[in-house]
Amino acid sequence: MSTGTSKKYQKHSPAAIDCNHSVISLRNIRKSFGSLEVLKGIDLDVCKGENVVVLGRSGSGKSVLIKIIAGLLRPDEGTVRVLDKEIDQLDARELQELRSKIGFSFQGSALYDGMTVRANLEFPLVRNQRDLSRQEVDKAIAQVLEDVGLPRTIDQMPAELSGGQKKRIGIARTLILHPEIMLYDEPTAGLDPVTSVEINDLINDVQQRYNTSAVIITHDLACAKSTGERVIMLSEGKFLRQGSFEEVFHTEDPTIKDFYNYNFISDS
Amino acid sequence: MKVFFLRIYDIYQFSLRFWKEAFLPPYEYKEVFNQFFEVGIKSLSIISLTGFITGLVFTKQSRSSLAEFGATSWLPSLMAIAVLRALAPLVTALIIAGKVGSNIGAEIGSMRVSEQIEAMEVSSTNPFKFLVVSRVLATTCIVPVLAIYMGFIGLLGAFVNVYNNEQTSFVSFFQQAFMKITFLDLFTLVLKSAIYGYTIGMAGCFNGWYADQGTVGVGRAANMAVVVSMFLIFIEEMLIVTLINNYR
């Protein structure tokens, strides 16, 4: 099967991937909601500095997977180790401390409606670093807004921003704590193709500039190809295939072929 | 039936968590004061208007019955008893349940369905403390203040009617009004209002916290916050009055 998405989507691998050191390690993760088994024994290691893309159809368990990594959901079985800490063994304070090193970009951005962009960015910062002066807080806010390319939105309310701007501010809100790991839930969902490419570039930029490792959940092939060093195909709660983008889609597996073809048709 | 008991268990867990989080640092002072403003200052106009009209109309309606016995001079003390023992705490609580309770339910509900609560959690902030504890503390502390204020405004409404008919002076009206009021009445007013405030805050927060199914869930959370808190307020009123009357 051809993997002929446009050349401009091709990811240039960063130099600093260290596979001797897993920042995320999942073993035999199982999760059910009632009688519906969503994850059926997932194993995953993410290297330091690596962007891993998990591709899959809606309802395949992608979002559940990153919520388990962030400690928002608990698996029924299996172990989750993040930055050498087993999430199940942490008390509330330790989990809170660990979360300050994990950035989570939500599908709907999840900006706080009642707060300006400034207040949205300030919110996690002042709660995690209580000894910062006003000047230091302002400087940090200005820096992340500059990094996501939206310095002029500082006094705007979330309702005044476009979908792409909301995504960027959502990412800025996580970057303000200088996370070691980024989790992106459908970063390009609902965006036009041009804005999607900008968000993909931003994800790569964040990886380079902040030296983060990332798990990117998406069903968008262009996003997968342009942001991931490794792509994993998730289907019906199991990893079907993983490798580089080309390796994953160079197959005769009907599920993967269908996913590729439908995605390509909808992109066209 | 199973769902009902699971819900009761959730409410129990939710209340328990509130008391635990309320006393454990760090404290969200800024958000608590922000909520004092939201619940208190922003409700002043409606409380003033309702209180004044309640006092005025109640006095007007009572006048004819008392006049039959030539007992209109009892109006100030009758009004003080009616307003401070029953009307002020109950009417204040019902207004706050409608205005603030629904607002809390809708706000927290919409934050739940748009993943803002999860966003707080992953930003290393305790959303329960920030959203629930601050709001429940605010309603518990502010409803008694508003009820006392409404009591005063209600008596002012009563005074306007009495002054128009009997030209009783302001000082004389309030002296007569407070002749029959005891410390127990004032204590009960504060205690009842605090319990109603806690109920309103908890009902709003609980229904918002467990909201699901998108915008429908948000609407339902706002609606349930008002219905449940009003229902509980009437039950609490009955129980507290029965209990306190044993000490009179």
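A nonpolar core is a set of buried Ala, Val, Leu, Ile, Met, Phe, Trp, Tyr and Cys residues joined through C-beta atoms within 7 Å. A residue is buried if 20 or more other C-beta atoms lie within 10 Å of its own, exposed if 12 or fewer, and partly exposed in between, with C-beta atoms placed from the backbone.

The model is predicted: local features need pLDDT of at least 70 and side-chain atom pairs count only at pLDDT 80 or more, while totals for chains, interfaces and linings use all residues. Residues are numbered from 1 along each chain as its sequence is written, and chains are lettered from A and ligands numbered from 1 in the order in which they are written.

**Exercise 1. Find the residues that touch the most other members of the largest nonpolar core, and the helix that gives the most to this core.**

Step 1. The largest nonpolar core has 128 residues. Those that touch the most other members are A:I24, A:V54, A:I69, A:A172, A:L183, A:V215 and B:M79.

Step 2. Helix 4 of chain B (residues 75-113) gives the most to this core, namely 18 residues. Helices (H or I, at least four residues) and strands (E, at least two) are DSSP runs, numbered from the N terminus.

Step 3. Leaving aside residues up to four places away in sequence, A:A172 touches A:L121, A:V144, A:L145, A:D147 and A:V148. Contact here requires C-beta atoms, placed from the backbone, within 7 Å.

Step 4. As background, nonpolar side chains in soluble globular proteins tend to be buried together.

**Exercise 2. Work out the strand order of the sheet in chain A and name its edge strands.**

Step 1. The sheet is open and has 6 strands, in the order 6-7-8-3-9-10, with mixed pairing. Two strands pair if DSSP finds at least two bridges between them.

Step 2. Strand 6 (102-105) and strand 10 (238-243) are the edges, since each pairs on one side only.

Step 3. On average, neighbouring strands are turned by 15 degrees against each other, direction ignored.

Step 4. Strand 3 (residues 51-55) and strand 9 (residues 230-235) of chain A run parallel and are joined by 4 bridges. A:V52 stands opposite A:R230 of strand 9.

Step 5. Strand 9 and strand 10 of chain A run antiparallel, joined by 5 bridges, and A:L234 stands opposite A:F239 of strand 10. Their hairpin has 2 residues between the strands, and A:E236 takes a positive phi near 50 degrees there.

Step 6. Helix 5 of chain A (residues 163-175) lies across strand 6 and strand 7 (181-185), running at about 170 degrees to strand 6. Axes are lines fitted to C-alpha atoms, for helices over the stretch in contact, and angles run from 0 to 180 degrees between N-to-C directions.

**Exercise 3. Locate A:H178 and A:E186, and decide for each whether it is buried or partly exposed.**

Step 1. A:H178 lies in the loop between helix 5 and strand 7 of chain A. Its phi is positive, about 50 degrees, although A:H178 is not a glycine.

Step 2. A:H178 counts as partly exposed because it has 14 C-beta neighbours inside 10 Å.

Step 3. A:E186 lies in the loop between strand 7 and helix 6 (193-210) of chain A. Phi of A:E186 is also positive, near 45 degrees.

Step 4. A:E186 has 21 other C-beta atoms within 10 Å, so it is buried.

**Exercise 4. Describe the make-up of chain B and the crossing of its helices 6 and 8.**

Step 1. Chain B has 9 helices and 0 strands. Its C-alpha atoms fill a box of roughly 70 × 40 × 35 Å along the principal axes.

Step 2. Of the 248 residues in chain B, 45% are buried. Among its contacts between residues at least 6 apart in sequence, 88% join residues at least 24 apart.

Step 3. The axes of helix 6 (residues 127-166) and helix 8 (residues 183-209) of chain B come within 7 Å and cross at roughly 145 degrees. The contact between helix 6 and helix 8 of chain B has 16 nonpolar, 7 polar and 1 charged residues. Ala, Val, Leu, Ile, Met, Phe, Trp, Tyr, Cys and Pro count as nonpolar, Asp, Glu, Lys and Arg as charged, and the others, Gly among them, as polar.

Step 4. A cis peptide bond, with omega about 0 degrees, joins B:P25 and B:P26. B:P26 lies in the loop between helix 1 (2-23) and helix 2 (29-39) of chain B.

**Exercise 5. State how many residues of chain B are in contact with chain A, and divide them by class.**

Step 1. In chain B, 10 residues are in contact with 15 residues of chain A.

Step 2. The residues on the chain B side divide into 2 nonpolar, 5 polar and 3 charged.

Technical notes
Two residues are in contact if their C-beta atoms, placed from the backbone, lie within 7 Å.
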